[in-house]
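Here are a few exercises to work through with the model open beside you. Try each task before you read its solution.

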Amino acid sequence: MLPLLRGLLTTLKSMAEKPTTVSYPEQKRPVSARFRGRHVLNRYENGLEKCIGCALCAAACPADAIFVEAAENTDEKRFSPGERYASTYEINMLRCIFCGFCEDACPTEAIVLEDNYELSFTDRKQAIYTKEMLLNPVPAQGKPTPQQVEPGVFTRSVPEMKDPTD
Amino acid sequence: MNTLAEKYPQDIKRILAKYPPEQKRSAIMPLLFLAQRETGQVSPEAVQEIASMLAVSTTEITSVMGFYTLFHDHPGGRYRLQVCHDLSCALNGAETFLEQLCRHLGIEEGQTTSDGLFTIEAVPCLAACDKGPVFQLQGDGEIVYYEKQTLESAKALLETLRQRAAGEVTP
Amino acid sequence: MPKLVNLTINHTRVTVPEGTLIVDAAKEAGINIPVFCYHPKMEPVGMCRMCLVDVARPVIDRATGQPVLEADGAPKLSFGPKLETACTTPVSEGMLVVEDSPKVTAARKDILEFLLTSHPLDCPICDKGGECPLQNLTLGYGPTESRFDFADKLHHAKRVPLGELIFLDRERCIQCGRCVRFQEKIAGDPVIGFYQRGRKLEIQTQTQPGFDSIFSGNTSDICPVGALTTADFRFGARPWEMEAHPSICAQCAVGCNIVFNTKREARSEGGMAIKRVMPRQNEAVNEIWLCDKGRFGYHYLQSGERLTRPMIRQNGELVPVSWETATDTIVERLKTGRSGLTVLAGGRLANEDLFNLKRLADAEHGKTLFYTHMGGGDLTGQVGLAPGSNLATLGKGDAVLVVASDLHEEAPIWWLRLKQAAARGASLVVLNPRATRLDDFAAISQRYHYGRVMDALAALFAGEAGQVLSQAANLVIFFGSEGLGVDGSQAVAQACANLLIRTGHTGRPNNGLVGVWSEPNAQGAWELGYRPAKNLTAELAEAHVTLVAGADPAGDDPALAETLQQSEFLVVADLFMTETAKRANVVLPALPYSEREGSFTSGERRVQRFTAALPPREKAHTEAMIAARVAARLGLKIEESLPVVFEKLAAETPAFTGLSFDRLAETHPQKPLLSREDLYYSGTAYENTAGLGCTLALTGSPAEAEPVTPELPAPVENALLAVPITRLYDRSSTLVHSSSILGQRMIGAEVWLNPQDAAERGLSAGAEIEIHLKSANWPVKVVINADVPAGAALLPRSVGIPAFELAALEI
């Protein structure tokens with residue numbers, strides 16, 4: 001008799017509990033602070049791209065998932081500070097293992113693995129994310145790239161380190 | 001009468017005669033001195049002319065001009081104060097000295113005072129490393145070294161030079 | 001045999017010839033002493049102080065002159081008070097060099113810390129990043145952090161174009177002077193120099209156009225930082241991303257060993273593309289240098305205008321068809337023919353193509369004709385350079401004669417090597433109608449009037465120069481085609497061959513006749529039995545089926561264009577829709593040498609192998625393959641596989657006996673040793689691991705013969721003498737589409753006149769005029785040059801004006 005009552009008690013208790021099932025996609029669980037989801041390419045506040053097309057992410061990538069091609073900036077058509085920008089930037093999400101090495105290798109903190117984990121494709125080609133798809137939207141006070149800028153302002157590719165230990 | 005050959009035919013002949021024909025390039029420096037005799041600077045045309053005279057490239061001539069503090073490719077005042085700011089002098093306070101001197105004259109490094117008297121230039125080693133801060137004064141056809149300088153000693157010199165210049169204007 | 005010296009480096013005992021520098025001795029022992037300013041091809045200057053080492057020498061007893069011994073009997077060693085530069089200190093007997101002591105390590109650390117005080121931290125965007133000596137040495141020997149203020153670094157405008165080919169970044173320069181020394185000592189063009197001193201020091205150029213040297217690209221190879229970068233490769237790729245494919249430069253007859261660096265690129269839909277051309281060490285050919293034409297002129301290889309499909313003419317229009325249809329069309333025609341196949345081939349085809357085409361023509365009772373504007377190749381096969389030749393070993397007691405050629409323009413690397421030979425003491429004799437850049441190094445330099453070359457040669461041989469040449473231990477003769485046609489250059493070659501035979505300068509290494517051809521494989525064509533037609537127009541008019549490969553006769557000469565237009569059946573295999581191809585019945589897309597393997601025979605008779613750098617473009621085939629396919633449809637067996645074709649070729653051609661692709665791929669250690677894993681030692685030139693090539697054996701028994709001098713054109717009143725010359729930046733058949741980067745230096749249709757001739761005709765430099773030549777008018781631009789002899793009008797070849805030999809020209 002007692003075991004039966006104990007069983008019923010458990011049932012009664014759990015009736016009061018909230019359901020643990022998350023009804024995705026209507027509901028989404030927050031991810032942890034250090035979650036490594038889909039990459040984004042960041043911009044500076046003025047809208048210039050942080051990516052300088054150095055391809056160090058591609059070099060660091062153990063899965064050879066990143067393809068970068070660079071070109072030269074001019075002050076009339078400036079994409080990023082300094083001389084070089086990424087004219088092509090592609091990540092093959094089917095190859096990516098989300099290890100975050102690209103983030104580590106990036107000298108300008110341009111590429112960051114963000115929260116987005118919704119990566120599904122019906123076609124292999126769709127798995128290739130282009131620069132347009134990866135780039136963050138232009139911030140409110142910024143302008144879209146390419147920008148026409150004052151000559152001699154954005155001469156440095158890598159931002160000056162205020163505190164090298166940072 | 002613009003080319004050197006037209007202006008100083010005798011001098012050029014004399015200078016070239018000093019060197020064997022296959023070592024004509026040795027005449028670069030004397031000819032550069034000749035070129036800046038009148039205006040205190042060597043014009044690009046003069047560089048071109050010396051280059052063709054000696055059959056060397058204009059790049060070589062410009063390199064020689066750049067190496068020595070004695071040749072000038074831009075105009076300056078009557079007196080050029082060339083302050084050494086290389087390592088040994090810098091350790092002896094040449095950078096501060098240069099800054100003070102500029103402030104005293106109210107100009108930046110490389111500029112000339114409005115009366116056209118003084119130009120301050122920061123130059124590399126003048127080979128007086130134990131006596132910094134050092135500057136050399138070029139003007140009135142002379143080159144004089146002033147060693148172990150302070151702002152006061154330099155001020156006194158500037159005053160003397162100013163008086164010398166003023167003396168010429170009102171005898 | 002130089003005296004050998006024993007010394008110890010760290011703990012390794014080394015024996016090297018006397019006079020070797022410590023840095024090179026260490027390299028021999030496999031110990032890498034870091035350097036920046038030192039370069040094994042240049043005199044040491046000891047400017048950068050990176051190579052400081054601790055050196056101990058045996059103590060000598062002054063009284064006896066004998067080494068002082070320690071208690072254990074070993075010689076007593078004494079270290080110097082200061083570190084010494086390994087790049088300027090020669091080795092001496094019993095020396096001990098320590099390069100791994102704490103003292104040395106500390107010195108290196110300090111040098112690097114100083115260098116980095118003003119070097120920017122832009123490795124991520126620097127083209128040198130990844131193959132940068134400063135980057136590597138900092139990682140290997142540098143301090144982990146700097147004590148200097150970051151804000152105190154030099155700040156200059158980043159990009160200073162020295163010319164349109166080379167960009168300077170002054171912040172990155174570490175003032176080693178390699179570029180300046182290279183230009184002055186090796187290239188002989190002191191067009192860049194230092195300006196200012198100390199921290200203000202920068203590299204400058206004053207020439208117009210800037211950095212006016214045809215060897216400028218090499219400075220970016222030897223620059224130990226990213227201060228000098230090429231406009232062509234700028235941000236093209238990171239060094240580690242690229243593949244390296246060994247090849248041979250096809251811009252002239254020197255046959256420089258190169259590497260094509262390739263990478264996938266977005267513009268080619270993710271396909272591979274050539275990103276840059278780099279030199280590959282071959283001390284017997286190009287050492288580690290390249291001229292700018294070879295380095296920057298490769299763009300035509302991947303032009304979008306290349307032919308992509310076979311085409312046949314239907315109702316007057318060329319329409320794309322399949323290879324089967326195209327081959328069938330040719331075969332049908334051949335079967336119905338009354339006579340055979342006439343092959344007209346140019347010198348840019350590979351040996352294998354030429355061989356297969358010849359076999360096809362032979363099987364079809366046809367003819368093989370060589371399309372060339374210069375003769376004498378049959379003689380270079382008999383009295384050419386023998387195996388074992390190397391221009392770098394010419395020196396005191398040897399002589400070189402250069403006739404009718406401006407080597408600086410026609411074969412820059414040969415010019416460089418002859419300049420060096422002269423510096424080593426070889427007697428250089430130059431016989432040319434006008435002043436050339438080689439005159440500066442010549443022991444004897446003589447001029448002649450255009451058209452009088454044979455008399456001039458006879459006079460030269462009879463005079464003082466003849467003595468020098470005939471008494472030389474070794475004699476090499478370079479003959480060109482300045483102002484000469486096929487017959488004229490044939491006569492010059494014969495006269496030179498006669499001298500070589502008469503004075504016993506044949507059949508030995510470093511002796512012989514070299515033709516300054518403008519195509520990479522002209523010598524190969526001659527060796528394989530291709531000969532120019534006596535009368536090309538007649539041959540083409542008579543031909544039943546004509547196959548033109550690797551040549552554009554219609555583009556060169558309107559008269560030939562007319563003939564080809566009328567030809568019975570014309571097949572053209574080429575990369576582009578040339579003037580000849582436009583007149584063809586069948587057009588076949590060929591593969592450039594960057595997309596296939598094969599071999600070229602250089603002017604020095606060195607057979608060298610190239611490999612495919614890129615996958616072949618769809619629907620294009622090698623000429624060898626085309627011949628094999630046609631043969632197969634005719635029921636003949638001709639091999640397709642290129643290594644097999646080459647074996648067959650070697651078996652059937654005496655000069656090639658014993659050669660195979662494997663033999664061509666053999667290498668042996670070369671001196672000086674280059675960078676291997678250490679990039680800093682000699683720059684980014686590639687070590688040669690793909691083959692040094694083999695020099696052909698000499699065949700036939702050379703005999704003197706009377707040169708047949710062609711007749712001069714009849715003098716026309718008030719006319720100038722049209723003189724064909726070869727220029728470096730012309731639109732030669734290999735540079736069909738001028739690469740954009742060399743665009744500014746490419747020449748168009750122009751005529752070079754003496755100032756007096758120009759003045760008499762009221763012409764000024766740059767004037768657009770029309771000249772009357774071969775009963776037609778040609779628009780040209782006037783160039784006035786004081787080196788042009790009076791009465792001559794120099795016309796660069798391959799810019800569309802049919803000047804192939806001396807002719808009368810009216811303005």
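**Exercise 1.** Find out how many bridges join strand 13 (residues 257–264) of chain C to strand 14 of chain C.

*Solution.* Start with the terms: helices (H or I, at least four residues) and strands (E, at least two) are DSSP runs numbered from the N terminus, and two strands pair if DSSP finds at least two bridges between them. Here there are seven bridges, and the two strands run antiparallel. Next, look across the pair: C:Val259 sits opposite C:Met278 of strand 14.

A word on the model: it is predicted, with local features needing pLDDT of at least 70 and side-chain atom pairs counting only at pLDDT 80 or more, while totals for chains, interfaces and linings use all residues. Residues are numbered from 1 along each chain as its sequence is written, with chains lettered from A and ligands numbered from 1 in the order in which they are written.

**Exercise 2.** Work out why strand 14 (residues 272–279) of chain C counts as largely enclosed.

*Solution.* First, a residue is buried if 20 or more other C-beta atoms, placed from the backbone, lie within 10 Å of its own. Then check the strand: six of its eight residues are buried, so the rest of the structure largely encloses strand 14.

**Exercise 3.** Say how many residues each of chains A and C brings to their contact.

*Solution.* Contact means C-beta atoms, placed from the backbone, within 7 Å. Chain A brings 20 residues and chain C 15 residues. On the chain A side, strand 2 (66–72) gives the most, with five residues.

Key: A residue is buried if 20 or more other C-beta atoms lie within 10 Å of its own, exposed if 12 or fewer, and partly exposed in between; C-beta atoms are placed from the backbone. Two residues are in contact if their C-beta atoms, placed from the backbone, lie within 7 Å.
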